[in-house]
Amino acid sequence: MQVDLNCDVGEGVPTDEQIIPFISSANIACGYHAGDADTIKRTIEYCMKYGVAVGAHPSWPDRDNFGRTEMQQSPVEIYRIVTEQLSIIANISQQFGCRLHHVKPHGALYNQSAKDKTIAAAIAKAVVDFDASLLLFGLSGSVSITEASAIGLQTAHEVFADRTYQDDGSLTPRSQPNALIEEEAQALQQILQLISEQTVTSVSGKIIPLKADTICIHGDGKKAVAFATTISSALQ
């Protein structure tokens, strides 16, 4: 069995270099919610050093709120926003002789695309038109996966080590106090359940079936480094 371990990086958090050796895929901020050309270059260099797949982490244009505020835009505008960010990171990647491997939307854009077919379809169209060989990471079992698959885009069902789940398989909103998992043992237990049983236990105790192709750790989490080392070791 193989499972991918990914992390959101390039967001200005000083621990990226400590985390990247323990993951297999990196989702690099493209400047719209965090990061800039320098952080993208530095993060790509880390990825190349440790053999980690380079991915784009596009967001709503929302640096003030770290891309975590919901927005409503037309499909044409969403297509433009995503394409611009893919172009930014692809152009820098080419300078290093590195190809993009995947795309994972960030924050509110990710969560909205998991439920909204129009947003999901616009993102998927932007990705497939930019480079049809790219993988799209989306919330496991969500609309973002089905809309991408419908146009022939390769997808990876994503699950989370450091977030709790609702009964419908969605992530608990960050506005709620129990949204984040901050204990290593709890994170590890959730991941091992997801991998071995393809299920997760919701905050209410309900067992939900979820496919797990790739596991996410948030690079800005308080225990991101500890989670990366512990989960990587357990997976191996």
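**Contacts, strands and a helix**

Trainee: Which residues does I217 touch, not counting residues up to four places away in sequence?

Mentor: I217 touches L5, N6, C7, D8, A161, D162, A224, F227, A228 and I231, where contact means heavy atoms within 4.5 Å. The model is predicted, so local features need pLDDT of at least 70 and side-chain atom pairs pLDDT 80 or more, while totals for chains, interfaces and linings use all residues. Residues are numbered from 1 along each chain as its sequence is written, and side-chain values use heavy atoms, without hydrogens or water.

Trainee: What makes I217 notable within the largest nonpolar core?

Mentor: That core has 65 residues, and I217 is among the four that touch the most other members, with I28, I89 and V127. A nonpolar core is a set of buried Ala, Val, Leu, Ile, Met, Phe, Trp, Tyr and Cys residues joined through side-chain atoms within 4.5 Å. Buried means under 20% relative accessible area, exposed over 50%, and partly exposed in between (1.4 Å probe, protein chains only).

Trainee: How do you know that strand 1 and strand 9 pair?

Mentor: Two strands pair if DSSP finds at least two bridges between them. Strand 1 and strand 9 have five, in the parallel sense, so the criterion is met. Strands here are DSSP runs of E, at least two residues long, and helices are runs of H or I, at least four long, numbered from the N terminus. N6 has C216 as its bridge partner in strand 9, and N6 stands opposite S25 in strand 2. Strand 1 and strand 2 pair over four bridges, and strand 6 (residues 154-160) and strand 9 (residues 214-218) over three. A closed barrel of seven strands results, in the order 1-2-3-4-5-6-9.

Trainee: Why is strand 1 called mostly covered?

Mentor: Six of its six residues are buried. D4, N6 and D8 lie on one side, and L5, C7 and V9 on the other.

Trainee: How do you know that the length of helix 2 agrees with the expected span?

Mentor: The expected span is 1.5 Å times one less than the number of residues. For the 14 residues of helix 2 (residues 37-50) this gives 20 Å, and the end C-alpha atoms are 20 Å apart, so the two agree.

Trainee: What puts the buried residues of helix 2 on the same side?

Mentor: The buried residues are T39, I40, T43, I44, Y46 and C47. They cover an arc of only 160° around the axis, and therefore lie on the same side of helix 2; the arc is that of the directions from the helix axis to the C-beta atoms. On the other side, D38 and K49 are exposed.
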